[in-house]
Amino acid sequence: MTKKLKIEHYISANPFTDKVIEPEETGLLLANREDEKERIDYVITSASKGFPQNIAILGEIGMGKSSMLNYIQARCQIKTGIYFSRINVTEDTSEEILIKSLVKDLLDQARVGLGSSLIGMVDFGKKRQEKEIDKQIKGINVTKASQKQLGDPLLRIVSVSSQIIEEKGRPEDIFEVIQLLREVMKIIKKDVKTIAVLFDEGGYVAKEKSIALLQRMKLIFQNKPFMLCIGGSPTLFSEYGKIEQTFPNLFLHHNRLSLKPLDKQGIRELIQKRLALVRIKGKDVEPFSEKSIQTILDESSGNPRRIVGIAGYTLYLSRGKYGYIEPVTVLEASDSTLITLGGEAFDRLKKDLHEICLIIGKYPNSTFEQIRKYLSQITKSEISKSTLSPKINELQKLGYIEINQIGREKRCFLKSFLQKYYNQIIRE
Ligand SMILES: Nc1ncnc2c1ncn2[C@@H]1O[C@H](COP(=O)(O)OP(=O)(O)OP(=O)(O)O)[C@@H](O)[C@H]1O
Ligand SMILES: [Mg+2]
């Protein structure tokens, strides 16, 4: 049948978009993450019964951390007793953002319909705040007596939040806001078993300047009813450990989920799940041949972002073809896709690691000692072995290089997608 059909005759659109999988799509699109999902379901079920535990999603770039956090969010959404706030961390995430997000999200979910408006009131004078809150409370669907009780804590939330936002707050303020939020929830008869905070890009707060925030977070998340769900790179915990030694203790060993590359079956599943969305009814042909799936595995090393990128471009190149997609087309698509993704990965490295990668790109198969010499030459300063070794190991953990042990010698290579990028920039 495929011989008579062009691929575009049965695949109506290109579903391989490199977007984080949304919470409501996770059931449909996440491939090859059964163990992780099972673990998360178990943790969330316990949390909804009043036993919150912190959980971390660790993985190389593009391995699916944000999508997995969205899966956690989806589970929080369907369980009663769990309230959550999602914070997308950036370089300047501060307590202000943490507080705003908590107040807004928790009140919104409690359906008091006050979340956004309360945050909007922080700039008002006290009189106006009182008036506004009075007005808003009348719209809340609780008894008259409860409405009356709500006034005070809500006004306190606004006033303490404004102090934090104006950076005039005291360290304990954040706890007061949280305490007040719980009081509000109680008055409106919400049974709060767990408050989950979903924190993506956890690496951003692993900076020297965020030590205060980390310490504060530790105080919050070591206690019930809080639960921290954090996403970050495979080196996240060692980075935290350097800044706040005890922070990693918040996460039980078995709640640190390391996302692995997809295997061949996983890639098949990823492709089938996406194509199911755009398949023209009644035409159940799989356009990707077995050999082409194997080629995607070889080229992507199982990294979901690279799989999506390669599969998407391959499908585009094959749109007008008859029959199955063959490995040659995958290879053609993969070349340009990997160069782009390699460049992006290079750009995300810190300067010192970036430099080491350039050296390994130029001299593949180098030993640590050779890299040390080249680096010393380039930087015109003597780099010691004990400074260099941890950095090389970090690059390996982050998924940028491979280290082959041959006898007693360790030799370094860039991962092939990065080597492709390197070869390209040298040519230009
Ligand atoms: N298990 C999976 N099944 C199918 N597609 C996936 C899976 N995991 C991730 N993806 C896809 O891979 C791409 C990268 O996913 P995502 O953005 O979640 O990764 P990430 O680890 O958060 O990346 P980054 O390191 O850039 O933050 C997205 O296109 C996403 O849709
Ligand atoms: Mg992400």
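A residue is buried if 20 or more other C-beta atoms lie within 10 Å of its own, exposed if 12 or fewer, and partly exposed in between, with C-beta atoms placed from the backbone. The model is predicted: local features need pLDDT of at least 70, side-chain atom pairs count only at pLDDT 80 or more, and totals for chains, interfaces and linings use all residues. Residues are numbered from 1 along each chain as its sequence is written, while chains are lettered from A and ligands numbered from 1 in the order in which they are written.

**Exercise 1. Describe the protein chain as a whole.**

Step 1. Take burial: 37% of the 428 residues count as buried.
Step 2. List the secondary structure. The chain has 19 helices and eight strands. Helices (H or I, at least four residues) and strands (E, at least two) are DSSP runs, numbered from the N terminus.
Step 3. Box the C-alpha atoms along the principal axes. They fill roughly 70 × 65 × 35 Å.
Step 4. Sort the contacts. Two residues are in contact if their C-beta atoms, placed from the backbone, lie within 7 Å. Among contacts between residues at least 6 apart in sequence, 74% join residues at least 24 apart.

**Exercise 2. Lay out the five-stranded sheet and the helices across it.**

Step 1. Order the strands. The sheet is open, reads S2-S3-S4-S1-S5, and has parallel pairing. Two strands pair if DSSP finds at least two bridges between them.
Step 2. Find the edges. Strands S2 (82-88) and S5 (256-258) each pair on one side only. From one strand to the next, the twist averages 15 degrees.
Step 3. Inspect one pair. S2 and S3 (residues 194-200) run parallel over seven bridges. Ser85 stands opposite Val197 in S3.
Step 4. Add the helices. Axes are lines fitted to C-alpha atoms, for helices over the stretch in contact, and angles run from 0 to 180 degrees between N-to-C directions. H4 (residues 65-78) lies across S1 (55-58), S2, S3 and S4 (226-232), at about 165 degrees to S3. H5 (residues 95-109) lies across S2 and S3, at about 145 degrees to S2.

**Exercise 3. Check the length of H5, then name its buried residues.**

Step 1. The expected span is 1.5 Å times one less than the number of residues.
Step 2. H5 has 15 residues, so it should span 21 Å; its end C-alpha atoms are 21 Å apart, which agrees.
Step 3. The buried residues of H5 are Leu98, Ile99, Lys100, Ser101, Leu102, Val103, Asp105, Leu106 and Leu107.

**Exercise 4. Lay out the three-stranded sheet.**

Step 1. The order is S6-S8-S7, in an open sheet with antiparallel pairing. S6 (366-367) and S7 (401-406) are the edge strands.
Step 2. S6 and S8 (residues 409-414) pair over two bridges. Thr367 stands opposite Arg411 in S8.
Step 3. H16 (residues 351-362) lies across S6, S7 and S8, running at about 95 degrees to S8.

**Exercise 5. Describe the shell around ligand 1.**

Step 1. Of the 21 residues around ligand 1, Gly64, Lys65, Ser66, Ser67 and Pro304 come nearest.
Step 2. H4 and H14 (304-317) each supply at least two residues of the shell.
Step 3. The shell divides into ten nonpolar, six polar and five charged residues. Ala, Val, Leu, Ile, Met, Phe, Trp, Tyr, Cys and Pro count as nonpolar, Asp, Glu, Lys and Arg as charged, and the others, Gly among them, as polar.

**Exercise 6. Is Leu331 buried, partly exposed or exposed?**

Step 1. Place Leu331: it lies in H15 (residues 327-347).
Step 2. Leu331 has 16 other C-beta atoms within 10 Å, so it is partly exposed.
Step 3. Its C-alpha atom is 7.8 Å from that of Glu299, 32 residues away along the chain.

Note on methods. Near = placed C-beta within 6 Å.
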